[in-house]
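Thank you all for coming; I would like to take a few minutes to walk you through one chain, a piece at a time. Please have a look at the sequence and the structure on the screen before I go on.

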Amino acid sequence: MAKPFRIDGKGGWWIRYTDEFGKRRKKSFERFSDAQDALTAEKARVGEVKRGLRSPTPPAKTYAELADYWTQYRVPQKRSGHHDASIMRAHLQPFFGAMLLRDLGVAEGDRYQLAKAHLDKKTVNNHLTLLIAQLNLAHELGWIAKVPKIRKPRIRLFEADYSYLRTKEEIRRLLSAAQDEG
């Protein structure tokens, strides 16, 4: 069984372990007991992932990496792919670009809506629809454990009430005109 080992000349302790993806990892600690506890915890975590008792830790991916993936693989398949690229380049990348996907949540969606308050609600709704679709893709790829529940602004289908037909006489005239037209 592996044990923590001393860092030459630094007075600390190293641990080495293989993560759930088969990659060798190492961490340093000041005290032997901390290193031993961490090694035991990492081995237990990796064992649980391998047995299917726990989900693997998502990789540290940024929104910029997700946008690059989307541009490379999804934009060419879409009829409106150029719209997606434009929205990402002009709005989503500047706001979310360096942010880790696992740190992106409801609060960031609310901040985005507040920052884009000068735009029409339908425009912001379209931006957030694209963002949510991208986050769903990130979840499918295993880049995030859970998709945050980002709320989009509510859009009314008709901004004005169409109540210009107020009387029965107006309704009768409309229907008879429609009948005359065929």
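Leu165 has a relative accessibility of 32%, so this residue counts as partly exposed, and I should say straight away that this, like everything else I will mention, comes from a predicted model. As for where Leu165 sits, its place is in the loop that runs between helix H5, residues 121-141, and helix H6, residues 168-181. Leu165 also contributes to a nonpolar patch on the surface, about 490 Å² in area, which is made together with Tyr164, Ile171, Leu174 and Leu175.

Let me turn now to the aromatic residues, where a search of the whole structure gives seven aromatic pairs. In one of them, Tyr63 and Phe96, the ring centres are 5.9 Å apart and the planes stand at 55°, so that the pair counts as tilted. Because Tyr63 belongs to helix H2, residues 63-74, and Phe96 to helix H3, residues 81-96, this pair ties together parts of the chain that are 33 residues apart in sequence. Tyr63 counts as buried because its relative accessibility is 0%, and Phe96, with a relative accessible area of 0%, is buried as well.

A further pair is formed by Phe95 and Tyr112, whose ring centres lie 5.1 Å apart with planes at 80°, and therefore we call this pair edge-to-face. This pair, too, links distant parts of the chain, since Phe95 is in helix H3 and Tyr112 is in helix H4, residues 106-115, with their positions 17 residues apart in the numbering. Which of these residues is buried, and which is partly exposed? Tyr112 is buried, at a relative accessible area of 0%, whereas Phe95, at 29% relative accessibility, counts as partly exposed. Taken together, Tyr63, Phe95, Phe96 and Tyr112 make up one aromatic cluster.

Finally, I would like to look at a pair of strands. Strand S2, residues 13-18, and strand S3, residues 24-29, run antiparallel and are joined by six bridges, and within this pairing Thr18 stands opposite Arg24 of S3. The two strands form a hairpin with five residues between them, and in the turn Gly22 has a positive phi of about 85°.

There are also charges placed over rings. Lys26 lies over the face of Trp14, at 4.4 Å from the centre of the ring, and Lys61 lies over the face of Trp143, where the distance to the ring centre is 4.8 Å.

Terms used:
Residues numbered from 1 in each chain as written. Predicted model: local features only at pLDDT ≥ 70, side-chain atom pairs only at ≥ 80, totals over all residues. Heavy atoms only, no water. Patch = residues over 30% accessible without salt bridge, like charges linked within 9 Å, V, L, I, M, F, W, Y side chains within 5 Å. Areas by Shrake-Rupley, 256 points an atom, 1.4 Å probe, with all protein chains shown as cover. Salt bridge = Lys/Arg side-chain N within 4 Å of Asp/Glu carboxyl O. Helix = DSSP H or I, 4+ residues; strand = E, 2+ residues; numbered from the N terminus. Buried < 20%, exposed > 50% of the residue type's maximum accessible area, 1.4 Å probe, protein only. Pairing = 2+ DSSP bridges. Phe/Tyr/Trp six-rings, centres within 6.5 Å; stacked < 30°, edge-to-face > 60°. Lys NZ or Arg CZ within 6 Å of the ring centre and 35° of its normal.
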